[in-house]
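Reader: I would like a close look at one part of this model. Please take the packed helices and their aromatic rings, and walk me through the contacts.

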Amino acid sequence: MREPAARRRNQPLLPAPAARVLHVTAAVAAVVVVLLGVLNAGHTEPGWFDAWVQPAATRSVGAAWSAAIAVDFLGEPRGSVTVVVVLAVLFAVLRRWRVLALALAGPGLTIAVTALGKPLADRTIHTVYLSYPSGHTAFVTAVTLAVAMPLAGRLRAGPVVVLACALVTGAYAGWAQVGLSAHYATDAIGGFCTAVAVVPATATLIDRIWRRTATGPRPGQA
């Protein structure tokens with residue numbers, strides 16, 4: 001019974017079939033992030049799409065205020081640190097070290113990219129706050145991807161399932177941010193796409209490092 005457990009712990013984060021799909025998706029997402037950043041660079045007002053989405057988001061958040069505040073908290077420093085610590089402890093207890101590395105590095109690098117992107121885009125909301133891309137949306141999406149990718153591999157679920165999970169949680173976080181008037185809709189889309197671009201690339205990097213640093217690999221084991 002030890003051998004199957006060891007193999008599960010050493011499964012790649014991105015098996016080859018899923019990697020191909022997620023890499024293409026990540027490339028498209030990166031293009032969207034850059035394109036939206038260029039189109040909205042230096043803007044202080046919502047675009048036509050933002051203005052179209054905003055009223056509906058505001059009304060729906062007004063009817064589900066607690067749900068919006070809850071997901072908003074996850075993107076705040078205290079909330080995000082709590083989420084990452086809980087995941088880190090869980091994966092350490094399960095001895096899933098590669099998944100633990102992704103749970104730390106995936107969201108961490110995603111937030112770093114959004115932090116670097118905000119001054120580059122120089123888009124503001126309420127004339128004061130840098131808004132593009134949305135870090136809250138990016139973080140929630142990144143955490144979902146970091147958990148869903150290895151879990152989908154273990155359950156033999158395809159990359160479409162992984163992306164669907166990310167889309168659900170990312171849309172939820174984006175809805176909260178737009179409805180709370182913390183971000184424009186295109187900020188949320190940019191945050192979502194940032195996570196979709198960064199986390200699969202991070203998983204691939206971790207898999208490559210893991211293979212290179214592994215000692216005494218068994219024949220046929222990645």
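Author: Contact here means heavy atoms within 4.5 Å. One caution before the details: this is a predicted model.

Start with H4 and H7. Val71, Asp72, Leu74 and Gly75 in H4 are in contact with His136, Phe139 and Val140 in H7. H7 covers residues 135-155, and its axis comes within 8 Å of the axis of H4. The two axes cross at roughly 85°. Angles of 65 to 115 degrees count as roughly perpendicular, so H4 is roughly perpendicular to H7. By class, this contact has four nonpolar, two polar and one charged residues.

H4 also packs against H8. Here the angle is about 110° and the axes are 9 Å apart. H4 and H8 are therefore roughly perpendicular to each other. From H4, the contact takes Ala67, Ala68, Val71 and Asp72. From H8, it takes Tyr172, Ala173, Trp175, Ala176 and Gln177. Seven of the residues in this contact are nonpolar, one is polar and one is charged. Val71 and Asp72 appear in the contact with H8, and they also appear in the contact with H7.

Now H3, which spans residues 48-63. H3 packs on H8 at an angle of about 95°, with 8 Å between the axes. That pair is therefore roughly perpendicular too. On the H3 side, the residues are Val53, Gln54, Ala57, Thr58, Ser60 and Val61. On the H8 side, they are Trp175, Ala176, Val178 and Gly179. The split is six nonpolar, four polar and no charged residues. Trp175 and Ala176 meet H3, and both also belong to the contact of H8 with H4.

H3 is not straight. It bends by about 30° at Gln54. A proline, Pro55, follows within four residues. Gln54 is also one of the H3 residues that meet H8.

What is buried in H3? Asp50, Ala57 and Val61 are. The cover over the buried residues of H3 includes H4, H8 and H9. H4 runs over 65-75, and H9 over 185-213. Ala57 and Val61 also take part in the contact with H8.

Next, the rings. A pair of aromatic rings is described by the distance of the centres and the angle of the planes. The whole structure holds three aromatic pairs. Trp48 and Phe49 form one of them, with 5.9 Å between centres and 85° between planes. Planes over 60 degrees apart count as edge-to-face, so this pair is edge-to-face. Trp48 is exposed, at 71% relative accessible area. Phe49 is partly exposed, at 27%.

Tyr172 and Trp175 pair in another way: their centres are 5.8 Å apart and their planes lie at 20°, so they are stacked. Their spacing in the chain fits the helix. Both sit in H8, residues 159-179, three residues apart, and are separated by about one helical turn. An α-helix has 3.6 residues a turn, so residues three or four places apart point the same way. Tyr172 is partly exposed at 35%, and Trp175 is partly exposed at 22%. Both rings belong to residues in the contact with H4.

Back in H3, ring pairs link Trp48, Phe49 and Trp52 into a cluster.

Two more residues belong around these helices. Glu45 is found in the loop between H2 (16-39) and H3. It is exposed, at 51% relative accessibility. Beyond its neighbours up to four places away in sequence, Glu45 touches Arg123 and Tyr184. Its C-alpha atom is separated by 34 Å from that of Val162, which is 117 residues away along the chain.

Asp187 lies in H9. Is Asp187 buried or exposed? It is buried, with a relative accessible area of 0%. Leaving out residues up to four places away, Asp187 touches Arg123, Ser131, Tyr132, Pro133 and Ser134. Arg123 is touched by Asp187, and Glu45 touches Arg123 as well.

Note on methods. Residues are numbered from 1 along each chain as its sequence is written. This is a predicted model: local features need pLDDT of at least 70, side-chain atom pairs count only at pLDDT 80 or more; totals for chains, interfaces and linings use all residues. Side-chain values use heavy atoms; hydrogens and water are left out. Rings of Phe, Tyr and Trp (its six-membered ring) pair if their centres lie within 6.5 Å; planes under 30 degrees apart count as stacked, over 60 as edge-to-face and the rest as tilted. Buried means under 20% relative accessible area, exposed over 50%, partly exposed in between (1.4 Å probe, protein chains only). Helices (H or I, at least four residues) and strands (E, at least two) are DSSP runs, numbered from the N terminus. Axes are lines fitted to C-alpha atoms, for helices over the stretch in contact, and angles run from 0 to 180 degrees between N-to-C directions. Angles under 35 degrees count as roughly parallel, over 145 as roughly antiparallel, 65 to 115 as roughly perpendicular and the rest as oblique. Ala, Val, Leu, Ile, Met, Phe, Trp, Tyr, Cys and Pro count as nonpolar, Asp, Glu, Lys and Arg as charged, and the others, Gly among them, as polar. The bend at a residue is the angle between axes fitted to the seven residues ending there and the seven starting there.
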